[in-house]
Amino acid sequence: MRVGILAIQGDCDAHAAALRRVGAEPVRVLHEKDLDGLDALVLPGGESTTIAKGLERLALYEPLRAFALAGRPVLGTCAGAILLAREVEHHPVRSLGLVDVVAVRNAYGTQVDSFAAPVDSGAAAGLEGLRCVFIRAPRLRDPGPQVEVLARVEGAPVLLRQGNRLAATFHPELTDDPRVHALLLRGELDPPGC
Ligand code: GLN
């Protein structure tokens with residue numbers, strides 16, 4: 001599978017390595033034509049203000065929306081999750097409106113703006129024990145009826161799915177655990193024990 005990584009700004013190299021680990025070929029995306037023939041797309045973490053400016057400058061908002069609305073899988077991590085949201089609070093940026101949720105930027109404050117924690121018990125089958133790395137992470141609130149909360153940390157939703165779109169407030173590309181990237185590629189979680 002060929003999987004695009006939006007390469008305006010952010011941690012593209014770590015996502016490329018994570019995608020290779022699950023057997024996909026990473027492809028940098030900077031122009032609409034780069035989306036041709038891709039099987040899935042990653043919107044990486046970084047700074048959503050900078051990435052949003054790049055999306056505007058490169059006229060990528062509508063092509064990215066069309067890519068997702070055509071059913072191709074999209075994973076947004078941290079700043080990428082902010083860009084997927086329907087609405088952004090606390091220094092709003094123009095988002096893609098592809099996941100029915102409100103993203104609150106930098107919601108963990110300055111003292112604990114980076115930390116790692118395991119998902120709460122009760123995560124979707126196959127995600128048990130997933131360790132999440134948060135870096136100036138947003139919080140996601142008010143998910144709409146079509147949104148599934150796949151995992152929470154300390155009660156807060158950290159991994160959401162709306163159809164073919166996944167929004168993670170953490171950085172799955174910064175650990176060796178391939179499960180979130182595998183979920184992007186396969187669209188489903190392995191049953192426990194696999
Ligand atoms: N704080 C960043 C933002 O609001 C996101 C940080 C990240 O992607 N690690 O855009």
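Two strands are taken to pair if DSSP finds at least two bridges between them. On that basis, in this predicted model, strand 11 and strand 12 form a hairpin with two residues between the strands, in which Gly163 takes a positive phi near 60°. The pairing of strand 11 with strand 12, which covers residues 165-168, is antiparallel and extends over four bridges; within it, Leu160 has Ala167 of strand 12 as its bridge partner.

On the side of strand 10, a comparable description applies. Strand 10 and strand 11 are likewise joined as a hairpin with two residues between them, and in this turn Glu154 has a positive phi of about 50°. Five bridges connect strand 10 and strand 11 in the antiparallel sense, and Val149 is placed opposite Leu160 of strand 11. Leu160 is thus a residue that stands opposite Val149 and that also has a bridge partner in strand 12, namely Ala167. Burial was examined for strand 11 as well: seven of the seven residues of this strand, which comprises residues 156-162, are buried, so strand 11 is largely enclosed by the rest of the structure.

These hairpins belong to an open sheet of seven strands, in which the order is 2-1-3-4-12-11-10 and the pairing is mixed. The edges of the sheet are formed by strand 2, at residues 25-29, and strand 10, at residues 148-153, each of which pairs on one side only. On average, and with direction ignored, neighbouring strands of this sheet are turned by 20° against each other. A parallel component of the mixed pairing is provided by strand 3 (residues 40-43) and strand 4 (residues 74-77), which are joined by three bridges; here Leu43 has Gly76 in strand 4 as its bridge partner.

A further open sheet consists of three strands in the order 5-6-9, again with mixed pairing. Its edge strands are strand 5 (85-89) and strand 9 (139-141), each of which pairs on one side only, and the twist from one strand to the next averages 30°. Strand 6, which covers residues 99-104, pairs with strand 9 in the antiparallel sense over three bridges, and Val102 stands opposite Arg141 of strand 9.

The loop between strand 6 and strand 7 (114-118) contains Arg105, a residue that also takes part in the surroundings of the ligand. The ligand is surrounded by Gly45, Gly46, Glu47, Ser48, Cys78, Ala79, Ile82, Arg105, Asn106, Ile135, Arg136 and His171. By residue class, this shell divides into four nonpolar, five polar and three charged residues. Oxygen atoms of the ligand are approached by polar atoms of several of these residues: an N or O atom in the side chain of Ser48 is 2.6 Å from a ligand oxygen, a polar side-chain atom of Arg105 lies 2.7 Å from a ligand oxygen, and a backbone N or O atom of Gly46 lies 2.9 Å from a ligand oxygen. Of the 300 Å² of accessible area that the ligand has on its own, the protein covers 96%.

Arg105 was considered further with respect to its protein environment. Its side chain makes a polar contact of 3.0 Å with the side chain of Thr49. With a relative accessible area of 5%, Arg105 is classed as buried, because this value falls under the 20% cut-off.

Two loop residues contrast with this arrangement in their exposure and were noted for their backbone conformation. Most residues other than glycine have a negative phi. Ala59, although it is not a glycine, has a positive phi of about 55°; Ala59 is found in the loop between helix 2 (48-57) and helix 3 (61-69). Since the relative accessible area of Ala59 is 53%, which is over the 50% cut-off, Ala59 counts as exposed. His91, which is not a glycine either, has a positive phi of about 65° and is found in the loop between strand 5 and strand 6, two strands of the sheet with the order 5-6-9. At 54% relative accessibility, His91 is also placed in the exposed class, because the value is over 50%.

Technical notes
Residues are numbered from 1 along each chain as its sequence is written. This is a predicted model: local features need pLDDT of at least 70, side-chain atom pairs count only at pLDDT 80 or more; totals for chains, interfaces and linings use all residues. Side-chain values use heavy atoms; hydrogens and water are left out. A residue is near a molecule or strand if one of its heavy atoms lies within 4 Å of it. A polar contact is a pair of N or O atoms within 3.5 Å; within protein, one must be able to donate a hydrogen and the other to accept it, and residues adjacent in sequence count only if both atoms are side-chain atoms. Accessible areas come from the Shrake-Rupley method with a 1.4 Å probe; for residues, only the protein chains shown count as cover. Ala, Val, Leu, Ile, Met, Phe, Trp, Tyr, Cys and Pro count as nonpolar, Asp, Glu, Lys and Arg as charged, and the others, Gly among them, as polar. Axes are lines fitted to C-alpha atoms, for helices over the stretch in contact, and angles run from 0 to 180 degrees between N-to-C directions. Buried means under 20% relative accessible area, exposed over 50%, partly exposed in between (1.4 Å probe, protein chains only).
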